[in-house]
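Student: Could you take me through one part of this model in detail, and say how the terms you use are defined?

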Amino acid sequence: MPNILIVDDSSTMRKIISRSLRQAGLAVDEIFEAGDGIEGLNVLGGNSVDLILSDINMPNMDGLEFIKQVRANGKTVPIVMITTEGGEDILKEAIASGASDSIKKPFTPDQLGQKLGGLL
Amino acid sequence: MTLNEAVIESVHLTEAEMAKYVIDATKEVFSTMVMMNVDDSFPLREPVTKFSCSITGMVGLVGTYSGVLSIHCPRPLALKITSNMLGMEVEEAGEAEEDVNDALGEIANMLGGQVKMVLSKGGMDMNISIPTIISGEEYTINSMAESDCVIIPFDTGEEKFLVSLKLKKE
């Protein structure tokens, strides 16, 4: 079963995403959490991760910079942006930086499941 | 008390339409993330600056338009919101101040994001700040331009809370 990394500065949102993954019926082995891009890179350095769910607006290192760093490190793991920042230009930049897809907050477990089902 | 006229002209929306976006966003966030249905009332005519036993979550908007999106909740409702969002008991939430602050901050963040979507063409001309939380037995929030604001009361059936949006065009 796949391991998932959730990168979001809100601990509430990390818990909601974790719960939604289970409620959506997605088979997941381990869920790693990180509070910003820097922590996310540290987790990626020491663990096997099959999918990353990342916020964009975070302190220290935001989601766009995080994607760039992940790709610069040669990682091809799918990255889905989960964000309130649903503007077209931001999402275009996220995709150009290496994001695979995006989902807007707020979301339901079903919406999350449908979005991730094809990536796991 | 109304939204800044320059904002209304620039976004080509009436104040009622702008308020409707805030109302719809609040209802969507509460129904999907808090598992709570809320009803809105008519926007307030006078600003609310003094709060008792409450928690305020706010995010700043900066760019083409600047301002603040705030949610003001009585503490018991903030605990209920946190317990619903995190799947914990209300008593448990009462002992986890950090979780309560984080939950209210995330709601402000989601609402600010929805407002940004209405105001920003592609998303790159505006930024949202990291959420700020204010809480206490008695506190006052003042602004230099108290009139350029829309404040919408909501009712959960047991408690009331306010969502306010203050905006100006840069």
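Tutor: What follows is a close look at one helix pair in chain B and at the side of that chain that touches chain A. This is a predicted model, in which local features need pLDDT of at least 70 and side-chain atom pairs count only at pLDDT 80 or more, whereas totals for chains, interfaces and linings use all residues. Residues are numbered from 1 along each chain as its sequence is written, and chains are lettered from A in the order in which they are written.

Helix 3 of chain B (residues 75-86) packs against helix 5 of chain B (residues 97-119) at an angle of about 85°, their axes being 9 Å apart; helices here are DSSP runs of H or I with at least four residues, numbered from the N terminus, and axes are lines fitted to C-alpha atoms over the stretch in contact, with angles from 0 to 180 degrees between N-to-C directions. The two helices are therefore roughly perpendicular, a label that covers 65 to 115 degrees. From helix 3 of chain B, Ala78(B), Leu79(B), Ile81(B), Thr82(B), Met85(B) and Leu86(B) meet Asp99(B), Val100(B), Ala103(B) and Leu104(B) of helix 5 of chain B, where contact requires C-beta atoms, placed from the backbone, within 7 Å.

Turning to the contact between the chains, chain B contributes 23 residues and chain A contributes 20 residues. Helix 2 (15-33), helix 3 and helix 5 of chain B each supply at least two residues of the side that touches chain A, and helix 5 of chain B gives the most, with 10 residues.

Key: Angles under 35 degrees count as roughly parallel, over 145 as roughly antiparallel, 65 to 115 as roughly perpendicular and the rest as oblique. Two residues are in contact if their C-beta atoms, placed from the backbone, lie within 7 Å.
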